[in-house]
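Please look at how two helices of this chain pack against each other, and at the aromatic side chains found where they meet. The account below begins with the helix axes and then turns to individual residues.

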Amino acid sequence: MASAAATRAAAGASKVVKPVFSRDLDEAKRRARDLYRAWYREVPTTVATFQLDINTRQGRDKVREMFDRNKHVTDPRVVDMLVIKGKLELQETIHVWKQKTHIMRYFHETEEPRGTDFLSKFYGGHDP
């Protein structure tokens, strides 16, 4: 009885997980670099198309900041999912399926967060 449970536990521990796209971390990193290059090249067009209140340098700095947020990820499946989401965002931006406000939201993330206690919500005019 105990050996059957141990066998099932050992089988569950050695379960092989199917990769999303990349076979290993190096291939996932290559896909992330390709996505970064695509975003880097698209920034001047996006700034001109949407008539953004930023220059190309600020846009490229924001792209770098967004990629640097996830540089600690080492699981190839997670990297692949982040690349897929990034490609979707890029496609929406290229085809102008987004509006100017959707893009400018990335630049307003530095605003101070809302308070969590009652008094800060009260002073800020937020519901408790």
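In this predicted model, the axes of α2 and α3 come within 9 Å and cross at roughly 155°. Because angles over 145 degrees count as roughly antiparallel, the two helices α2 and α3 are described as roughly antiparallel to each other. The crossing that α2 and α3 make is right-handed.

Which residues bring α2 and α3 into contact? From α2 the contact involves A32, L35, Y36, W39, Y40, V43, P44 and V47, and these meet T56, G59, R60, V63, R64 and F67 in α3.

Within this contact, the aromatic side chains deserve a separate look. The count of aromatic pairs comes to two. Y36 and F67 form an aromatic pair with 5.2 Å from centre to centre and 85° between the planes, and because planes over 60 degrees apart count as edge-to-face, the pair of Y36 and F67 is edge-to-face. This pair links distant parts of the chain, since Y36 belongs to helix α2 (residues 25–50) and F67 to helix α3 (residues 56–68), with the two residues 31 residues apart.

Are these two rings, of Y36 and F67, buried or exposed? Y36 has a relative accessible area of 22% and is partly exposed, while F67, at 26% relative accessibility, also counts as partly exposed; the cut-off for buried is under 20%.

Y40 joins Y36 and F67 in one aromatic cluster. Y40 also has a charged neighbour, in that R60 lies over the face of Y40, at 4.1 Å from the ring centre.

Conventions
Residues are numbered from 1 along each chain as its sequence is written. This is a predicted model: local features need pLDDT of at least 70, side-chain atom pairs count only at pLDDT 80 or more; totals for chains, interfaces and linings use all residues. Side-chain values use heavy atoms; hydrogens and water are left out. Rings of Phe, Tyr and Trp (its six-membered ring) pair if their centres lie within 6.5 Å; planes under 30 degrees apart count as stacked, over 60 as edge-to-face and the rest as tilted. Helices (H or I, at least four residues) and strands (E, at least two) are DSSP runs, numbered from the N terminus. Buried means under 20% relative accessible area, exposed over 50%, partly exposed in between (1.4 Å probe, protein chains only). A charge sits over a ring if NZ of Lys or CZ of Arg is within 6 Å of the ring centre and within 35 degrees of the ring normal. Axes are lines fitted to C-alpha atoms, for helices over the stretch in contact, and angles run from 0 to 180 degrees between N-to-C directions. Angles under 35 degrees count as roughly parallel, over 145 as roughly antiparallel, 65 to 115 as roughly perpendicular and the rest as oblique. A crossing is left-handed if the near helix is turned anticlockwise from the far one by less than a right angle, and right-handed if clockwise. Contact means heavy atoms within 4.5 Å.
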